[in-house]
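Work through the exercises below with the sequence and the model at hand. Each task is followed by a solution in steps.

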Amino acid sequence: MGSTEERRKILKEKLQESIDYSRESSDEEIWELIDEMLVREGRENPLSLPERGRLRRELFHAVRKLDVLQELVDDPQITEIMINGPDKIFIERSGRLTESGLHFESAEKLQNVIQQIVSDCNRVVNEASPIVDARLENGARVNVFLNPLA
């Protein structure tokens with residue numbers, strides 16, 4: 001298989017295809033699907049233990065959490081996350097603003113995560129209502145500005 005990025009993308013697609021969306025799957029069932037998939041993948045393309053653990057978390061975050069943002073949200077040192085498109089994710093840590101080096105696989109995936117965030121806050125954001133100000137469960141503030149305002 002090609003690069004790590006390509007491998008991750010292919011595994012995400014395989015995982016999404018294997019989930020039964022006709023019923024509610026528990027987190028444990030998703031973890032089991034991921035583990036089974038990584039065992040199969042490891043037979044064809046060996047994975048180091050750290051790589052397997054990283055892929056396991058990334059795959060779970062992609063289908064159950066906030067995708068690439070989850071590790072940033074979970075980091076207590078990060079005080080702000082700013083996103084200006086799928087390839088521009090900035091973080092503030094210790095008062096310093098830096099580019100995170102992370103990106104969404106597509107604008108559509110970013111849009112899906114935005115919709116997940118605002119729906120979890122019982123809010124709506126769309127072309128008719130392109131601005132939302134909300135709070136996450138952990139108390140973090142979320143401000144969304146969609147095009148054409150962004």
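**Exercise 1. The chain as a whole**

Task: State what share of the contacts with a separation of 6 or more comes from residues 24 or more positions apart, and describe the make-up of the chain.

Solution. Step 1: contact means heavy atoms within 4.5 Å. Residues 24 or more positions apart account for 36% of the contacts in the chain with a separation of 6 or more.

Step 2: this is a predicted model, in which local features need pLDDT of at least 70 and side-chain atom pairs count only at pLDDT 80 or more, while totals for chains, interfaces and linings use all residues. Residues are numbered from 1 along each chain as its sequence is written, and side-chain values use heavy atoms, with hydrogens and water left out.

Step 3: helices (H or I, at least four residues) and strands (E, at least two) are DSSP runs, numbered from the N terminus. The chain has five helices and five strands, in the order α-α-α-α-β-β-β-α-β-β from the N terminus.

Step 4: buried means under 20% relative accessible area, exposed over 50%, and partly exposed in between (1.4 Å probe, protein chains only). Of the 150 residues, 30% count as buried. The C-alpha trace spans about 45 × 40 × 25 Å along its principal axes.

**Exercise 2. Helix α5**

Task: Compare the span of α5 with the expected one, and find where its buried residues lie.

Solution. Step 1: the expected span of a helix is 1.5 Å times one less than its number of residues. For the 14 residues of α5 (residues 107–120) this gives 20 Å, and the end C-alpha atoms are 20 Å apart, which agrees.

Step 2: the buried residues of α5 include K109, L110, V113, I114, I117 and V118. They cover an arc of only 170° around the axis, so they are on the same side of α5; the arc is that of the directions from the helix axis to the C-beta atoms.

Step 3: the cover over these buried residues includes α3 (49–64), β1 (78–83), β4 (131–135) and β5 (141–145). After α5 comes N122, with a positive phi near 60°.

**Exercise 3. Helix α3 and R8**

Task: Which residues of α3 are buried, and which residues does R8 touch?

Solution. Step 1: the buried residues of α3 are E51, L55, E58, L59, F60, H61 and A62. Elements covering them include α1 (4–18), α2 (27–44), α4 (70–74) and α5.

Step 2: R8 is found in helix α1 and is buried, with a relative accessible area of 16%. Not counting residues up to four places away in sequence, R8 touches R54, L55, E58 and L59.

Step 3: the side chains of R8 and E58 make a polar contact (2.4 Å). A polar contact is a pair of N or O atoms within 3.5 Å; within protein, one must be able to donate a hydrogen and the other to accept it, and residues adjacent in sequence count only if both atoms are side-chain atoms.

**Exercise 4. The three-stranded sheet**

Task: What is the order of the strands in the open sheet of three, and which strands stand at the edges?

Solution. Step 1: two strands pair if DSSP finds at least two bridges between them. The order is β1-β2-β3, with antiparallel pairing. β1 and β3 (96–99) stand at the edges, each with a single partner strand, so one side of each has no neighbour in the sheet.

Step 2: five bridges join β1 to β2 (residues 89–93); I78 has R93 as its bridge partner, and M82 has F90. Four bridges join β2 and β3, with R96 as the partner of R93.

Step 3: the hairpin of β1 and β2 has five residues between the strands, and G85 there takes a positive phi near 100°. The hairpin of β2 and β3 has two, with S94 at a positive phi near 55°.
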